[in-house]
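Colleague: Could you take a close look at a single part of this model? I should like one connected account of how that part is set among its neighbours.

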Amino acid sequence: MPSKAVELYKQYATAWSAISDQERRHILDSVLETEISYRIPRMEGTGHQIVIDDINEFQAKVPGGRFALHSVSEHHDVALMEWQMILPDGTPGVRGHDAIRVTPEGKLGQIVTFAPSTLEAQGS
């Protein structure tokens, strides 16, 4: 049976897919804390809008792209998710990691992204 962290993260990953803005907001409202802490290599901030803006930017650059979960390492209220970008034609793309924290209320309270994998970026 998947853990709460895995269930939340899979829903969160679905929000990155080519879906309607209404469906995306519904998913994010159900899995993200209102003031989620969101940190990626090029920016950081809080709240749903920063996540939505990042997803919209991704879909503008890679229309129809999505993310697949590869592995999970977790304990207590934290987890390290290994993901892979999947291009619109189904070709696997870069891999990266998200460190997440699940709040006592059962939502994602923090997402810290490390992407792409440093070794992959160097061609190793």
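Modeller: The account below begins with one helix, α2, and then turns to its surroundings.

This is a predicted model, in which local features need pLDDT of at least 70 and side-chain atom pairs count only at pLDDT 80 or more, whereas totals for chains, interfaces and linings use all residues. Residues are numbered from 1 along each chain as its sequence is written, and side-chain values use heavy atoms, with hydrogens and water left out.

Helices and strands are DSSP runs numbered from the N terminus (H or I over at least four residues for a helix, E over at least two for a strand). The buried residues of α2 are Arg24, Ile27, Leu28 and Val31; buried means under 20% relative accessible area, exposed over 50%, and partly exposed in between, with a 1.4 Å probe and protein chains only. Because they cover an arc of only 95° around the axis, these residues lie on the same side of α2; the arc is that of the directions from the helix axis to the C-beta atoms. An α-helix has 3.6 residues a turn, so residues three or four places apart point the same way. On the face of α2 turned away from its buried side are the exposed residues Gln22 and His26.

Against what does the buried side pack? Its residues pack against α1, β1, α3 and β6, where contact means heavy atoms within 4.5 Å. The helix α2 lies across β1 and β6, running at about 100° to β1; axes are lines fitted to C-alpha atoms, for helices over the stretch in contact, and angles run from 0 to 180 degrees between N-to-C directions.

Arginine 24 merits separate attention. This residue of α2 is buried, with a relative accessible area of 4%. A polar atom of the arginine 24 side chain lies 2.6 Å from the backbone oxygen of alanine 15. Leaving aside residues up to four places away in sequence, arginine 24 touches Ala15, Ser17, Ala18, Ile19, Ile55, Asn56 and Gln59.

The strands beneath α2 belong to an open sheet of six strands, in the order β2-β1-β6-β5-β4-β3, with mixed pairing; two strands pair if DSSP finds at least two bridges between them. The edge strands, each pairing on one side only, are β2 (43-46) and β3 (66-75). From one strand to the next, the twist averages 20°. β1 and β6 run parallel and are joined by four bridges, with serine 37 opposite glutamine 110 in β6. On the other pairing of β6, six bridges link this strand to β5 in the antiparallel sense, and aspartate 98 has threonine 113 as its bridge partner. Five of the seven residues of β6 are buried, so this strand is largely enclosed by the rest of the structure.

The largest nonpolar core has 29 residues, of which Tyr12, Leu32, Val51 and Leu108 touch the most other members. Such a core is a set of buried Ala, Val, Leu, Ile, Met, Phe, Trp, Tyr and Cys residues joined through side-chain atoms within 4.5 Å. Among the elements that each supply at least two residues of this core are α1 (4-14), α2 (21-31), β1 (32-40) and β6 (108-114). Tyrosine 12 touches several residues beyond four places away in sequence, including Ile27, Leu28, Val31 and Leu108.

Notes: Polar contact = N/O pair within 3.5 Å; in protein donor to acceptor, adjacent residues only side chain to side chain.
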